[in-house]
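Let's walk through this structure together, from its interior outwards to a few local details. Have the view open beside you as you read.

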Amino acid sequence: MKKNSKLDTAIILVSEITKGMKSIGSKSLLPINKNLTTLDHQIQNIKKYYNPKQIILCTGFDHIKIQTHTKSYKDIKYFLNENYEVDNQAGTLIKCIKE
């Protein structure tokens, strides 16, 4: 894949509870291998191919775990949708953009 021009901001949506996953946790924190979660994979690929100035993680469910897990990454900002149980992904994205 070619490296594209630099983006100002990338947004990753990780707010919803996936049916049947509440006891396991956010699917964004599921391991792909020993040292990599799905969220790590997304962040690393976005940084590698698009190199945005910042990445915004729009969270809801498991916000603290996601924030703790990603604290080592630079230029990550967080948006917490406290109504994530009522809103869908589109609602979370709209609120994040308005913020």
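Which residues make up the largest nonpolar core? In this predicted model, the core has 11 residues in all: Ala 10, Ile 12, Val 14, Leu 39, Ile 43, Ile 46, Ile 55, Leu 57, Ile 66, Tyr 73 and Ile 76. At least two of these residues come from each of β1, α1 (38-49) and β4. In soluble globular proteins, nonpolar side chains tend to be buried together.

Strand β1 (residues 9-14) is a good place to look next, since its side chains alternate. Ala 10, Ile 12 and Val 14 are buried and point to one face, while Thr 9, Ile 11 and Leu 13 point to the other and are not buried. β1 runs parallel to strand β4 (residues 54-59), and six bridges join the two. Within this pairing, Leu 13 stands opposite Cys 58.

Back in the core, follow Tyr 73. Apart from neighbours within four places in sequence, Tyr 73 is in contact with Asp 40, Ile 43, Gln 44 and Lys 47.

Now move to the loop between β4 and α2 (63-69), where you will find Asp 62. Asp 62 is buried yet has no salt bridge. The nearest side chain of opposite charge belongs to Lys 65, 4.2 Å away, and a salt bridge needs the charged atoms within 4 Å. Not counting residues up to four places away in sequence, Asp 62 touches Gly 25 and Ser 26.

The structure also holds one aromatic pair. Phe 61 and Tyr 84 are tilted, 6.4 Å centre to centre with 45° between the planes. The pair links distant parts of the chain, 23 residues apart: Phe 61 sits in the loop between β4 and α2, and Tyr 84 in the loop between β5 (76-80) and α3 (89-98). Both Phe 61 and Tyr 84 are buried.

Methods. Residues numbered from 1 in each chain as written. Predicted model: local features only at pLDDT ≥ 70, side-chain atom pairs only at ≥ 80, totals over all residues. Heavy atoms only, no water. Buried < 20%, exposed > 50% of the residue type's maximum accessible area, 1.4 Å probe, protein only. Helix = DSSP H or I, 4+ residues; strand = E, 2+ residues; numbered from the N terminus. Pairing = 2+ DSSP bridges. Core = buried A, V, L, I, M, F, W, Y, C linked by side-chain atoms within 4.5 Å. Contact = heavy atoms within 4.5 Å. Lys, Arg positive; Asp, Glu negative; His and termini not counted. Phe/Tyr/Trp six-rings, centres within 6.5 Å; stacked < 30°, edge-to-face > 60°.
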